[in-house]
Amino acid sequence: MKQHGFPKATHLKSKKLIERLFKEGEKVKGYPLLAVYTPIEPGASTHQAGFSVSKRKFKHAVDRNLLKRRMREAYRLNKHLLPGGEEPKLAIMFIYLPAKAADFMQIEKGMQKALTHLAYAHKKENT
RNA sequence: UGAACAGGUCGCCUUAUCGCUCUCCUCAACUUGGUUGGGAAGAGAGGAAAGUCCGGACAACACAGGGCGCCAGGCUCUGUGAAAGCAGAGGAGGCCCCGGGCAAACCAGGGUCUACAGAAAGUGCCACAGAAAAUAAACUUCCUAUGCCGCCGCUAAGGAGGUAGGUAAACCUACCUUCGUUAAGGCUUCGGCAGGUAAAGGUGAAAAGGUGGGGUAAGCGCCCACCGUUUAUAGCGGUGACGUUAUAAGCAAGGUAAACCUCCUGGGUUGUAAUGCCAUGUAUACCGGGGUAUGAGGGUUGCUCGCCCGAUCCCGGAGGGUAGGCAGCGUAGAUAAAUGAUAAGGGCCCGCUUAGGCGAGGUACAGAAUCCGGCUUACAGACCUGUUUUAUAA
């Protein structure tokens, strides 16, 4: 398996799961991002990730697409920070917070921070 | 060569690394079809993909009929197109410039613009300024013919003409001539009231035709001439919009229909969140209330009448379940939505600079969501064509 791949199966797509995520998910901050996560029901084979940018803060579709692409790229290159192994897999939604577009460096930094925090919190919960 | 305007075309590129979506081929694992993973090849945002404003394709539901509503279009001819629309040539009108004219809602020429049916069916609105913003009326000014009152005078007052002066005119003053009138009544001056007038009021985008003359107490298209203009009828020219001439009746109906509206023409309704299929789960159960073959309820284009079907239906409480996939859907094609990220280099533009060069400089507007054809709007920069114009060089 490719180390940095991001195939379709690891996209967060189920409407039901997303609804549940926003309802009971835990929050971890890594400015300029906010990660909301929750364990998936047992049986899932991978983590699932989704990305969101507010339509109110960015009016044009072009800007939203750019930020989502940058977030996705940052997740793809840094997802090895997440816990692997046998623990239950996670559904994570990354939300872009500020009203101004950030460059890739800032977003990657925030992503690393969020993933590290997330892994630590997740480990603690399980032990 | 520069600038402005109009029309058209294009609207960043290369390499490396790591990735994404689809098609197809291949290998491996599990295997009934197939699923998962690795690898190779190919394809992968726009001129506007946008706004969702029109027209169609496609789909579903309809398709006895009447009425109301809703939407779109609105000068003529020709070409093009499935239509919407677009293009060319014209007609009419608005605005601007220049000339003619004392002037005008005047005439001739040029440029430019027009969602260009109707403002003479009705309603609404028209800031500021202005007396007044549209039926008119009031105010200021003008008049005192007509009616009334008061006052003055009759040695008249006053009107008309002449002369002189201020001052050329208007106007005023003085003088001369002439007209004019005498008390139960008459005349006249001044003032007031009633009355007449919309002509004058310079503001405004717009003020109810213009000029000259007659007429009038003063005025008014009240009357006349010329000019302009509206409607109707007829003739002539033009495929036509329309133009032009004559006659008759007029001189108002200022703007706004991209306010409602009226007229004409066209349009079944709803839009891919349509719609069809598969899978999954179900409760025609329970409690309370109500309606019902004297027709509940449903269907019928947005509403209504009408028409058709027709025995269960509606409201509240408590509770149960689904919300997944495929087709629709495309040699881009998803469904929390691919077409990217990073690094290096190069174009182009900008700024600085001695030529070389330098720079944390700029590189727009903006991302498919069923598909086509239009319209509108946004846009750094580059190129081409045409017109106008200025300067420089040869």
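Reader: Which residue in E4 is the bridge partner of Thr38?

Author: Ala91 is that partner. This is a predicted model. The two residues belong to a longer ladder: strand E2 (residues 33–39) and strand E4 (residues 90–96) are joined by seven bridges.

Reader: What makes E2 and E4 a pair?

Author: Pairing needs at least two bridges between the strands. E2 and E4 have seven, in the antiparallel sense. They therefore count as paired.

Reader: How do you know that E1 and E2 pair?

Author: Apply the cut-off of at least two bridges again. Five bridges join E1 to E2, and the strands run antiparallel. So E1 and E2 pair as well. Within this ladder, Glu26 stands opposite Tyr37 in E2. Two residues lie between E1 and E2, and the strands form a hairpin.

Reader: What is the order of the strands in the sheet?

Author: The order is E1-E2-E4-E3. The sheet is open, has four strands and shows mixed pairing.

Reader: Why are E1 and E3 called edge strands?

Author: Strand E1 (26–30) and strand E3 (48–53) each have a single partner strand. One side of each is therefore left without a neighbour in the sheet. Neighbouring strands of this sheet are turned by 20° against each other on average, direction ignored.

Reader: Which helix packs on the sheet, and which strands are touched?

Author: Helix H2 (residues 61–78) packs there, touching E2, E3 and E4. The direction of H2 makes about 150° with that of E3.

Reader: Where does His117 lie?

Author: His117 lies in helix H3, which covers residues 104–126.

Reader: Why is His117 called partly exposed?

Author: Count the other C-beta atoms within 10 Å: His117 has 15. Buried needs 20 or more, and exposed needs 12 or fewer. The count of 15 falls in between, so His117 is partly exposed.

Reader: What does His117 touch, leaving out residues up to four places away in sequence?

Author: His117 touches Val28 and Gly30. Val28 is 89 residues from His117 along the chain, yet their C-alpha atoms are separated by 6.9 Å.

Reader: How much of chain A counts as buried?

Author: Of its 127 residues, 24% count as buried.

Reader: What share of the contacts in chain A with a separation of 6 or more comes from residues 24 or more positions apart?

Author: The share is 82%.

Reader: What pattern does chain A follow along the sequence?

Author: The pattern is α-β-β-β-α-β-α. In total, chain A has three helices and four strands.

Key:
Residues are numbered from 1 along each chain as its sequence is written. Chains are lettered from A and ligands numbered from 1 in the order in which they are written. This is a predicted model: local features need pLDDT of at least 70, side-chain atom pairs count only at pLDDT 80 or more; totals for chains, interfaces and linings use all residues. Two residues are in contact if their C-beta atoms, placed from the backbone, lie within 7 Å. Axes are lines fitted to C-alpha atoms, for helices over the stretch in contact, and angles run from 0 to 180 degrees between N-to-C directions.
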